[in-house]
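Dear colleague,

Please find below the structure that I am handing over to you. My notes on what was found in it follow, and I would be grateful if you read them with the model open.

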Amino acid sequence: MSVVSRDPRPKPAVLAHVMRGRIESGKYPDGKLPTTRELAQEFGYAGQTVRDGLGILVQEGLIFSAGNRGYFIAGDSEAPPTRKTGVDEEIKEMRLQIQALTERVKALEEGSHSGGA
């Protein structure tokens, strides 16, 4: 029985702890982490559990997700800062569009309730 399997913490927290240690010890000198599939096989966890664990490290700012390219250590040269800025701007724009649509739906619902009563 491995140390990981005896750990009483939730599996995503265990994975985050182990990966944090590996990153801090320099196990991934190229800055690229193993794929979620590889980590799922290694830890014996479901893919979503692995993504949840990596998500903890993303929230901490230790790593970042590059979409289909995988996960990378933050501050590594693989992270193109201009691309991230572009993505941030796209997300802001989408949020504004969603907010506008939400307000329109609310106005339509209020109109249908007041007009139909």
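Helices in these notes are DSSP runs of H or I with at least four residues, and they are numbered from the N terminus. In that numbering, T49 is found in helix α4. Please bear in mind throughout that this is a predicted model.

Overall composition

The protein has five helices and two strands. Read from the N terminus on, its elements follow the order α-α-α-α-β-β-α. Of the 117 residues in the protein, 23% are buried. Among contacts between residues at least 6 apart in sequence, 47% join residues at least 24 apart.

Helix α2 and its contact with α4

Helix α2 covers residues 11–24, and helix α4 covers residues 47–60. With its 14 residues, α2 reaches 20 Å from its first C-alpha to its last, which is close to the 20 Å expected at 1.5 Å a residue. The buried residues in α2 are P12, V14, L15, A16, M19, R22 and I23. After α2 comes G26, whose phi is positive, near 85 degrees.

Two packed helices are described by the angle between their axes and the distance between the axes. For α2 and α4, the axes come within 8 Å and cross at roughly 55 degrees. The two helices are therefore oblique to each other, and the crossing of α2 and α4 is right-handed. On the α2 side, the contact is made by K11, P12, A13, L15, A16, M19, R20 and I23. On the α4 side, T49, V50, D52, G53, L54, I56, L57 and E60 take part. By class, the residues of this contact of α2 with α4 comprise ten nonpolar, two polar and four charged.

T49 of α4 deserves a separate word. Is T49 buried or exposed? Its relative accessibility is 18%, and buried means under 20%, so T49 counts as buried. Leaving aside residues up to four places away in sequence, T49 touches K11 and P12.

Helix α3 and its contact with α4

Helix α3, residues 36–43, also packs with α4. Here the angle is about 105 degrees, and the axes of α3 and α4 are 9 Å apart. These two helices are therefore roughly perpendicular to each other. T36, L39 and A40 in α3 meet G47, V50, R51 and L54 in α4. The contact of α3 with α4 has four nonpolar, two polar and one charged residues.

Between α3 and α4 lies a loop that holds A46. A46 has a relative accessible area of 45% and is therefore partly exposed. Its C-alpha atom is separated by 9.3 Å from that of T36, the two residues being ten apart along the chain.

The loop between the strands

The strands β1 (63–65) and β2 (71–73) are joined by a loop in which G70 is found. G70 has 15% relative accessibility and so counts as buried. Which residues does G70 touch, not counting residues up to four places away in sequence? They are K32, F64 and S65. In addition, the C-alpha atoms of G70 and P34 are separated by 7.9 Å, although these residues are 36 apart along the chain.

With kind regards

Technical notes. Residues numbered from 1 in each chain as written. Predicted model: local features only at pLDDT ≥ 70, side-chain atom pairs only at ≥ 80, totals over all residues. Heavy atoms only, no water. Axes fitted to C-alpha atoms, helices over the stretch in contact; angles between N-to-C directions. Parallel < 35°, antiparallel > 145°, perpendicular 65-115°, else oblique. Left-handed = near helix turned anticlockwise from the far one by under 90°. Contact = heavy atoms within 4.5 Å. Nonpolar A, V, L, I, M, F, W, Y, C, P; charged D, E, K, R; others polar. Expected span 1.5 Å × (residues − 1). Buried < 20%, exposed > 50% of the residue type's maximum accessible area, 1.4 Å probe, protein only.
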